[in-house]
Amino acid sequence: MATDFTEETATAAVVESFEKTPDPRLREILGSLTRHLHDFVRDIEPTTQEWEQAIAFLTATGQTCDATRQEFILLSDVLGVSMLVETIAQRKAARKAATDSTVLGPFHVVDSPPRELGDSIDLLGTGEPCVVTGRVVSVDGMPLPGALVDVWQCNEDGFYDVQQPDLQPLGNGRGLFTTDAEGAFLFRTIVPSYYPIPTDGPVGDLLAASERHPYRPAHIHFIAGAEGHTPVTTHIFVAGSPYLESDAVFAVKKSLVEEFSVVHDPARAAAYGVANPFRLANFDIVLQSS
Ligand code: BEZ
Ligand code: FE
């Protein structure tokens with residue numbers, strides 16, 4: 001005779017149903033998921049109508065995703081889960097001496113076009129000119145030539161290329177660079193703006209219902225990797241930007257806030273191939289050996 005499914009037997013019954021899962025890690029994950037999900041339900045005791053609302057919310061989240069829109073990443077971001085996963089991964093990899101990581105975000109949805117050092121990632125020329133320099137090094141300070149530095153950012157109005165296909169060519173604000181013999185990289189761009197994460201989907205509804213603002217401080221995304229080293233997914237944040245203290249996705253780390261200094265120097269501007277005055281930021285990226 002089968003045992004009745006009761007509040008008392010529910011969790012053990014479901015955990016046990018997963019016990020023959022051959023992959024031990026998957027078995028552990030399914031058991032833990034079951035226990036935490038059941039605890040959550042016991043905690044909030046949702047009505048059937050509330051549970052249907054939750055299912056409708058997750059369904060809408062999935063239906064909002066397409067080739068260039070990733071609402072599930074956004075959901076994970078505003079719940080602080082993306083940052084928690086990153087922070088745990090950094091601790092486990094003992095990457096203390098390496099550059100801090102932060103969230104990937106939902107806009108790394110197209111490949112960055114390979115570009116030459118010194119190229120501009122800004123294809124429109126409407127924002128405040130900016131030069132970003134840096135070096136990729138290992139934790140012992142050795143330069144890493146041939147490292148890949150993938151960068152992407154929004155424009156001066158706070159939009160990524162994929163959000164404005166009629167106004168921005170695909171690849172605007174993006175570039176894949178290879179460091180030189182000294183591990184150095186340099187690219188031209190414009191100063192990115194702070195911006196609201198997309199609010200026209202279920203995640204926006206969630207923020208509105210909880211009276212949370214949707215803004216992120218101005219930043220440039222980086223993924224840097226080199227042979228024999230653990231890649232890092234990170235940002236640099238523009239010092240002085242609004243929302244550094246209240247990022248909607250909890251992704252600011254002090255070590256990643258960089259000065260974007262104003263440079264008035266016609267000769268340097270000409271050497272970099274930008275208008276004078278311009279902004280200059282430096283970001284040295286330290287990678288842990290793998
Ligand atoms: C981003 O920086 O591109 C981003 C990160 C998390 C949520 C939305 C956008
Ligand atoms: Fe971003």
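Start by selecting Cys154, which you will find in the loop between strand 2 (148-152) and strand 3. Helices and strands here are DSSP runs numbered from the N terminus, with H or I over at least four residues for a helix and E over at least two for a strand. You are looking at a predicted model, in which local features need pLDDT of at least 70, side-chain atom pairs count only at pLDDT 80 or more, and totals for chains, interfaces and linings use all residues. As for bookkeeping, residues are numbered from 1 along each chain as its sequence is written, chains are lettered from A and ligands numbered from 1 in the order in which they are written, and side-chain values use heavy atoms, with hydrogens and water left out.

**Stop 1: around Cys154**

Is Cys154 buried or exposed? Cys154 is buried, because its relative accessible area is 2%; buried means under 20%, exposed over 50%, and partly exposed in between, using a 1.4 Å probe and protein chains only. Now show what surrounds this cysteine. Leaving out residues up to four places away in sequence, Cys154 touches Phe159, Tyr160, Pro192, Ser193 and Tyr195, where contact means heavy atoms within 4.5 Å. Draw a C-alpha to C-alpha distance from Cys154 to Asn172 as well: you should get 8.5 Å, for two residues 18 apart in sequence.

**Stop 2: the largest cavity**

Keep Tyr195 selected, since it also turns up in the lining of the largest cavity. Add Leu74, Asp77, Val103, Leu104, Gly105, Pro106, Phe107, Ile197, Arg216, His221 and Val249 to get the full lining. The space they enclose has a volume of about 70 Å³, and the structure holds 3 cavities of 30 Å³ or more. Rolling a probe the size of a water molecule over the atoms shows where empty space is left. In detail, the search uses a 1 Å grid over the protein atoms alone: a cavity is a set of points where a 1.4 Å probe fits but cannot get out, a pocket is an open set with protein on both sides within 12 Å along at least five of seven lines, and lining residues have an atom within 4 Å of a point. Points are joined across faces, edges and corners, and a volume is the space filled by probe spheres set on them.

**Stop 3: the largest pocket**

Next, select helix 2 (24-44) and helix 3 (48-64), each of which supplies at least two residues of the largest pocket's lining. Which helix gives the largest share of that lining? Helix 2 does, with 7 residues. There are 17 lining residues, and Leu37, Phe40, Trp51, Ala54 and Leu58 are the ones nearest the pocket's centre. The space in this pocket comes to about 730 Å³.

While you're here, click on Glu45, in the loop between helix 2 and helix 3. Its phi is positive, at about 40°, although it is not a glycine. Glu45 counts as exposed because its relative accessible area is 60%.

**Stop 4: helix 6 and what follows**

Move to helix 6 (residues 202-209) and pick out its buried residues: Pro202, Val203, Gly204 and Leu207. Their cover includes helix 3, which you have just visited, and helix 4 (71-78).

Just after helix 6 comes Glu211, in the loop that runs on to strand 6 (215-216). Here is another non-glycine with a positive phi, about 55° this time. At 77% relative accessibility, Glu211 is exposed.

**Stop 5: two more loops**

Glu182 sits in the loop between strand 3 (174-178) and strand 4 (184-190). With a relative accessible area of 48%, Glu182 is partly exposed. Beyond its neighbours within four places in sequence, Glu182 is in contact with Arg135 and Pro143. Arg135 is 47 residues away in sequence, yet the C-alpha to C-alpha distance is 7.5 Å.

Then jump to Pro277, in the loop between helix 7 (266-272) and strand 11 (278-282). The peptide bond joining Asn276 and Pro277 is cis, with omega at about -5°.

**Last stop: zoom out**

Colour the whole chain by secondary structure and you should find 7 helices and 12 strands. The C-alpha trace spans about 85 × 40 × 30 Å along its principal axes. Of the 290 residues, 42% are buried. Among contacts with a separation of 6 or more, 69% join residues 24 or more positions apart.
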